[in-house]
Amino acid sequence: MQAPPGHQAAPAAAADSGMQAAAAANGSSSAGGGSASSSDFEIVVTDPVKQGEGVSAYVSYKVRTRTRLPQYNRPSCEVIRRFRDFAHLESQLAEKHRGIILPPLPEKNAVQKFQMSQEFIEDRRRALQVFLNRAAAHPVLAKSAELQLFLEATEDTWAVEMARGQAAAAGAAAGGAGGPKKRLEDAVGWIKGLGTAATSIVGSSSRAADAAEDPEYIKVRDYLVALESHLSEAHRQASRLAAKEVELGEATLEFGQVSRHARGLLMLAHQPVTGSQQAALNTIFLQASKSNAYCPAAYQRQLAAWVH
């Protein structure tokens with residue numbers, strides 16, 4: 001199978017410098033382990049490339065390996081792997097080598113995966129490289145068939161092996177029931193696993209496979225979509241409330257002006273009213289009774305003329 005789009009062969013000088021850096025990391029990670037296998041491997045995880053968009057998006061990495069172990073078919077190899085491949089390797093090592101403390105994988109972060117920032121991708125790349133180098137520095141894991149398969153199997157071979165391992169794990173998880181029925185169910189599960197691997201190789205159903213791969217990611221994505229909808233509704237209601245507050249402020253201002261004018265009228269009520277002042281008051285109240293809208297500025301001018 002060809003490498004995913006975006007993966008191109010890196011210059012030899014860059015690869016050599018990366019191998020030297022990995023060798024240094026190998027030596028530091030295995031300090032105190034009493035193992036000579038740290039000098040048998042140079043492993044670099046490089047060239048992270050984002051594949052796809054939305055729910056089906058993932059990052060693929062080049063894994064370059066140089067080894068002196070005679071069990072490997074070639075002294076150097078390069079494969080394309082993604083995070084779920086590393087997770088499968090970890091589960092296989094844990095199952096086949098019980099009692100050995102495995103180096104940790106970087107934790108899954110559904111929110112960060114949704115954002116796919118450059119910082120998140122680079123941090124994960126470094127953590128995956130450390131994981132492989134520490135596994136290769138272990139005297140038992142370095143010679144394990146699981147690590148060898150991960151480091152040198154082609155993408156097609158690895159996809160089939162992953163499907164086979166997942167089918168076996170599903171059959172073991174079913175547990176309890178035995179007999180022909182269970183064997184039939186295991187066989188069906190294994191066939192389905194091969195079918196999934198085939199569609200993954202062809203690339204026609206990558207969206208569905210990725211969506212089913214990480215339920216936690218799907219759950220967080222749906223939560224964020226719902227949260228965005230609720231926040232939009234809250235913003236709309238807040239805008240309506242702000243508009244009502246503006247209207248209330250204008251009405252309060254108008255009420256204050258009317259109250260001030262009314263107080264002036266009450267004060268003037270205790271003074272003698274001349275004929276011209278009475279005529280002005282009649283004009284004000286007549287306009288107020290005919291007008292549908294109150295105009296404080298006009299009434300203020302009329303009151304000022306009446307007082308003076």
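## Overall makeup

How many helices and strands does the protein chain have? The secondary structure comes to eleven helices and three strands. This is a predicted model. Along the sequence, the elements follow the pattern α-β-β-β-α-α-α-α-α-α-α-α-α-α.

The protein chain has 308 residues, and 33% of them count as buried. Take the contacts with a separation of 6 or more: residues 24 or more positions apart account for 66% of them.

## The sheet

The three strands form an open sheet. Their order is 1-2-3, and the pairing is antiparallel. Strand 1 (41-51) and strand 3 (76-82) stand at the edges. Each has a single partner strand, so one side of each is left without a neighbour in the sheet. From one strand to the next, the twist averages 20°.

Strand 2 (residues 58-67) and strand 3 run antiparallel and are joined by seven bridges. T65 stands opposite C77 in strand 3.

## Helices against the sheet

Helix 2 (residues 83-96) packs on the sheet. Helix 2 touches strand 1, strand 2 and strand 3, and its direction makes about 105° with that of strand 3.

Helix 4 (residues 118-136) lies across strand 1 and strand 2. Helix 4 runs at about 150° to strand 1.

## The surface

The protein chain exposes about 18,500 Å². Carbon and sulfur atoms supply 59% of that area.

Which residues make a nonpolar surface patch of about 310 Å²? They are Y223, L227 and L231. Y223 lies in helix 9 (residues 215-269). Its relative accessible area is 52%, so Y223 counts as exposed, the cut-off being over 50%.

Terms used: Residues are numbered from 1 along each chain as its sequence is written. This is a predicted model: local features need pLDDT of at least 70, side-chain atom pairs count only at pLDDT 80 or more; totals for chains, interfaces and linings use all residues. Side-chain values use heavy atoms; hydrogens and water are left out. Helices (H or I, at least four residues) and strands (E, at least two) are DSSP runs, numbered from the N terminus. Buried means under 20% relative accessible area, exposed over 50%, partly exposed in between (1.4 Å probe, protein chains only). Contact means heavy atoms within 4.5 Å. Accessible areas come from the Shrake-Rupley method with a 1.4 Å probe; for residues, only the protein chains shown count as cover. Patches are made of residues with over 30% relative accessible area and no salt bridge: like charges are joined within 9 Å, nonpolar side chains (Val, Leu, Ile, Met, Phe, Trp, Tyr) within 5 Å. A salt bridge is a side-chain nitrogen of Lys or Arg within 4 Å of a carboxyl oxygen of Asp or Glu. Two strands pair if DSSP finds at least two bridges between them. Axes are lines fitted to C-alpha atoms, for helices over the stretch in contact, and angles run from 0 to 180 degrees between N-to-C directions.
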